[in-house]
Amino acid sequence: MSRLTKKQKALEILTRLKRLYPEAPCSLDYETPLQLLVATMLSAQCTDERVNKVTPTLFGRFPDVNALAAADVTELEQLVRSTGFYRNKAKNILATAQMIVADFEGEVPQSMTDLLRLPGVARKTANVVLAHAFGINAGVTVDTHVKRLTNRLGLTKHDAPLKIEQDLMKLLPQPDWENWSIRLIYHGRAVCDARKPACDRCELADLCTAGSKLDKTSSKASARTKSKAAKIS
Ligand code: SF4
């Protein structure tokens with residue numbers, strides 16, 4: 001596999017990810033584009049699991065964009081408090097709902113340019129909303145898992161999400177941009193942990209640039225621990 005070009009490697013990784021994670025649903029709970037937009041805004045620096053605990057009450061209290069645009073910000077803050085950074089999130093969600101009412105006839109916009117006008121909405125959120133609510137692959141969502149795995153797999157040398165996204169857009173077929181992110185996130189959670197990647201049971205190991213180095217590091221660490229334990233005993 002070492003002779004593969006970067007593009008061939010990316011496509012082989014994509015094939016394996018599809019086999020490993022045949023279903024690639026968004027793990028946020030939502031029923032409308034607005035709910036997905038709000039849930040994605042809440043997911044910044046927070047787990048999807050936690051967001052899914054908060055949104056049923058939030059969406060029940062504010063069932064549509066007009067209700068949300070008229071919300072009291074203090075009440076909104078309390079409802080989203082457990083997702084962290086709640087003051088900022090509440091302020092942005094309120095301002096976003098108000099802009100959707102004022103500038104977009106109450107509908108979540110369906111273009112990257114318009115979505116990026118919404119307060120607190122960056123490319124990551126816009127990519128998720130476009131892909132899952134409207135079936136539009138406008139870019140590749142780069143979250144912390146995608147960033148870590150794309151670097152470890154040797155598909156980018158960049159740290160900045162925008163640069164990583166640009167690299168991935170050149171390597172992957174457009175229809176697969178969003179499902180790549182979702183599947184890589186699954187793999188990050190299941191196997192390629194930030195601190196302890198399980199390279200010995202990773203089905204991408206032969207394609208991974210960092211895997212063998214990480215494996216050696218963890219083997220040496222474990223050998224050192226065993227040797228210390230032997231001396232103590
Ligand atoms: S081989 Fe290791 S570092 Fe590479 S993707 Fe797999 S778990 Fe992550």
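1. Helix H3, in this predicted model, is not straight: H3 bends by about 35° at Thr 55. A proline, Pro 56, follows the bend within four residues. The helix covers residues 48–61. At 1.5 Å a residue its 14 residues should span 20 Å, and because the end C-alpha atoms are 20 Å apart, the expected span and the modelled one agree.

2. The site of the bend is also part of the buried set of H3. Thr 55 is buried, as are Val 51, Leu 58 and Phe 59. The buried residues of H3 pack against two helices, H2 (33–42) and H5 (73–80).

3. One of those partners, H2, deserves its own point. Nine of the 10 residues of H2 are buried, and the helix is therefore largely enclosed by the rest of the structure. The buried residues run from Leu 34 through Gln 35, Leu 36, Leu 37, Val 38, Ala 39, Thr 40 and Met 41 to Leu 42. The cover over them includes H3, H4 (65–69), H5, H6 and H8.

4. Helix H10 (residues 161–171) offers another case of burial. Its buried residues are Ile 164, Glu 165, Leu 168 and Leu 171. These lie on the same side of H10, because they cover an arc of only 125° around the axis. An α-helix has 3.6 residues a turn, so residues three or four places apart point the same way. The packing partners of the buried residues of H10 are H1 (6–20), H8 (123–134), H9 and H11 (177–190).

5. As to the overall architecture, the protein has 12 helices and zero strands. Read from the N terminus, every element in the order is therefore written as α: α-α-α-α-α-α-α-α-α-α-α-α. The C-alpha trace spans about 65 × 45 × 30 Å along its principal axes. Of the 233 residues, 35% count as buried. Among contacts with a separation of 6 or more, 58% join residues 24 or more positions apart.

6. Which residues come closest to the ligand? They are Cys 192, Cys 199, Cys 202, Cys 208 and Gly 211, out of 15 residues that surround the ligand. Two elements give two or more residues to this shell, namely helix H9 (144–152) and helix H12 (211–232). By class, the shell has 13 nonpolar residues, one polar residue and one charged residue.

7. Cys 192, one of the closest residues to the ligand, is found in the loop between H11 and H12. Is Cys 192 buried or exposed? Cys 192 counts as buried, because it has 23 C-beta neighbours inside 10 Å and the cut-off for burial is 20 or more. Apart from its neighbours within four places in sequence, Cys 192 is in contact with Leu 149, Arg 152, His 187, Pro 197 and Cys 202. Of these, Cys 202 is also listed among the residues closest to the ligand. The C-alpha atoms of Cys 192 and Pro 33 are separated by 31 Å, and the two residues are 159 residues apart along the chain.

8. Leu 204 is found in the loop between H11 and H12 as well. Leu 204 is buried, because 21 other C-beta atoms lie within 10 Å. Its contacts, leaving aside neighbours within four places in sequence, are Ile 13, Arg 16 and Leu 153. Leu 204 and Leu 162 are 42 residues apart along the chain, and their C-alpha atoms are separated by 24 Å.

9. Two residues other than glycine have a positive phi, and a reviewer may wish to look at both. Phe 85 has phi near 45° and lies in the loop between H5 and H6 (86–103). With 14 other C-beta atoms within 10 Å, Phe 85 is partly exposed.

10. Glu 105 is the second residue to inspect: its phi is positive, about 50°, although it is not a glycine. Glu 105 is found in the loop between H6 and H7 (112–115). Is Glu 105 buried or exposed? Glu 105 counts as exposed, because it has 9 C-beta neighbours inside 10 Å, and residues with 12 or fewer are classed in that way.

How values were computed: Residues numbered from 1 in each chain as written. Predicted model: local features only at pLDDT ≥ 70, side-chain atom pairs only at ≥ 80, totals over all residues. Near = placed C-beta within 6 Å. Nonpolar A, V, L, I, M, F, W, Y, C, P; charged D, E, K, R; others polar. Expected span 1.5 Å × (residues − 1). Bend = angle between axes of the 7 residues up to and from the residue. Contact = placed C-beta atoms within 7 Å. Arc of directions from axis to C-beta.
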